[in-house]
Amino acid sequence: MRYISTRGNAPILDFEQAMLTGLARDGGLYLPETIPQLQDLAGFEGLSYEEAAFRVIKPFLGESFSDEELTRAIAAAYENFGHVARAPLRQLAPGHHLLELFHGPTLAFKDFAMQLIGQLFQIALQRSGQRITIVGATSGDTGSAAIEAFRGLENVDVFILFPHGRVSEVQRRQMTTPDDANVHALALSGHFDDCQARLKDLFNDYAFRDEVGLAGVNSINWARVLAQVVYYVTSAVSLGAPGRQVDFTVPTGNFGDILAGLVAKRMGVPVGRLVIATNQNDILHRALTSGEYRTGQVEPSISPSMDIQVSSNFERALFWAYGGDATAIRQLMEELRQGGFTISQGALQALREDFLSGRASEQETLETIRIIRDETGEILCPHSAVGVKVAREHLREGIPMITLATAHPAKFPDAVEQATGIRPALPPHMENLFDLPERSSRVENDADALKSLILERRTA
Ligand SMILES: *Cc1c(COP(=O)(O)O)cnc(C)c1O
């Protein structure tokens, strides 16, 4: 399996190299040259999550990992989840289901991918003896998931950039309380988009990149997208695929999670519509509606993991919508640096065949948390509530809707309490989170300052 960059000017890599690299050298994102078709979807019925994961992921790996290595990695990745189904479905209303993706160690869907790539990185690095420095930017949940997946590993340092003062207290503490020497939580003065931009600066400095063995585990990493394809497949099969279509609504920020849904569809899962749900930071909703992808100011919200104006993974959907024209993508990304671009008519039509979109205001998000609690007893996190609000506007007769519940409500207790009067409790394994000492460093929104800090702190 060959991996190519959306911008067409980076070396072609195999799966392992694409996973270890993250961002392509030309600034693009890696994609498999072709998407394999899932064999025997009906045969997924009754499989464990782990067995299904093996069947979905294996065809993308080429020679990179043996069957035995993949089986071992998958088993280790999901054994610490708090639910034996890993990604259980819960019914909200006739025809509307919630896919609970928050039973992993850090209580957000990021664990599904991060736990698996932690295992795969470890296998690859043990084989090669290589040392690497992982740098990640987070709007809150990726950071803790990465730290949880890589803490204490021998050949790895993990640096996580989070926007100072703009993540929830639970999110921050999950990043600042692990005391492993290879974990470095960095509070950057700025927004998530600044964190993401500085991360790109590091990757674009080839000398620095090679010196520290820079590796990216942000949602742009193809291996993460791939791991997320699995729960689209398992949930669709639970509700009747391949014999029945299903729609999905996905609370969306960086477009990694919903892109995995598109991959599932391209693999042959009968996915009808993929509905993009955004909060008041609605660049994707505006882009789908008007064809204009224009960045604005980030407005902090009660669903902070979606407070994003540049959705990195959207570049992959654009690449497909433009028929694999890397030159066109390079041009668009150049225009994006000046503030935005117009999606061509043909590409917009292609995108609209797969995607619909909607947005939820702050008030609507709180209202949805309250309504769903009253109607079902289920307590939603604010991100999941954005999804449920938008999903309810897109329900179709005879086609089940699955809304992805992306985080546990206890990660965002203030918003949930404001909506319902109930302060959701953390699960038992995290009860001491507020008693542990915190450790983090402030860093300016400046690439050079960041590089010096990484060189100084590295344990390598
Ligand atoms: C990361 C995250 C999202 C957004 O997912 P993307 O893949 O970035 O679109 C939504 N909800 C929660 C809770 C998240 O952590």
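In the predicted model, the ligand is surrounded by 15 residues, of which Lys 110, Asp 141, Gly 253, Asn 254 and Thr 406 come nearest. Sorted by class, this shell consists of 7 polar, 5 nonpolar and 3 charged residues.

Polar contacts to oxygen atoms of the ligand involve both side chains and backbone. In the side chain of Asp 141, a polar atom lies 2.4 Å from a ligand oxygen. The side chain of Lys 110 places an N or O atom 2.6 Å from an oxygen atom of the ligand. Both Lys 110 and Asp 141 are thus among the residues that come nearest to the ligand. For Asp 257, the contact is made through the backbone, where a polar atom is 2.9 Å from an oxygen atom of the ligand. On its own, the ligand has 380 Å² of accessible area, and 98% of this is covered by the protein. The space that the ligand takes up is the largest cavity.

With respect to the overall fold, the secondary structure of the chain comprises 18 helices and 15 strands. Along the principal axes, the C-alpha atoms occupy a box of roughly 55 × 50 × 50 Å. The radius of gyration of the chain is 20 Å, which agrees with a compact globule, because a radius near 23 Å would be expected for such a globule with 460 residues.

How values were computed
Residues are numbered from 1 along each chain as its sequence is written. This is a predicted model: local features need pLDDT of at least 70, side-chain atom pairs count only at pLDDT 80 or more; totals for chains, interfaces and linings use all residues. Side-chain values use heavy atoms; hydrogens and water are left out. A residue is near a molecule or strand if one of its heavy atoms lies within 4 Å of it. A polar contact is a pair of N or O atoms within 3.5 Å; within protein, one must be able to donate a hydrogen and the other to accept it, and residues adjacent in sequence count only if both atoms are side-chain atoms. Accessible areas come from the Shrake-Rupley method with a 1.4 Å probe; for residues, only the protein chains shown count as cover. On a 1 Å grid over the protein atoms alone, a cavity is a set of points where a 1.4 Å probe fits but cannot get out, and a pocket is an open set with protein on both sides within 12 Å along at least five of seven lines; lining residues have an atom within 4 Å of a point. A molecule sits in a cavity or pocket if more than half of its atoms lie within 2 Å of its grid points. Ala, Val, Leu, Ile, Met, Phe, Trp, Tyr, Cys and Pro count as nonpolar, Asp, Glu, Lys and Arg as charged, and the others, Gly among them, as polar. Helices (H or I, at least four residues) and strands (E, at least two) are DSSP runs, numbered from the N terminus. The radius of gyration is taken over C-alpha atoms; the globule rule is 2.2 Å times the number of residues to the power 0.38.
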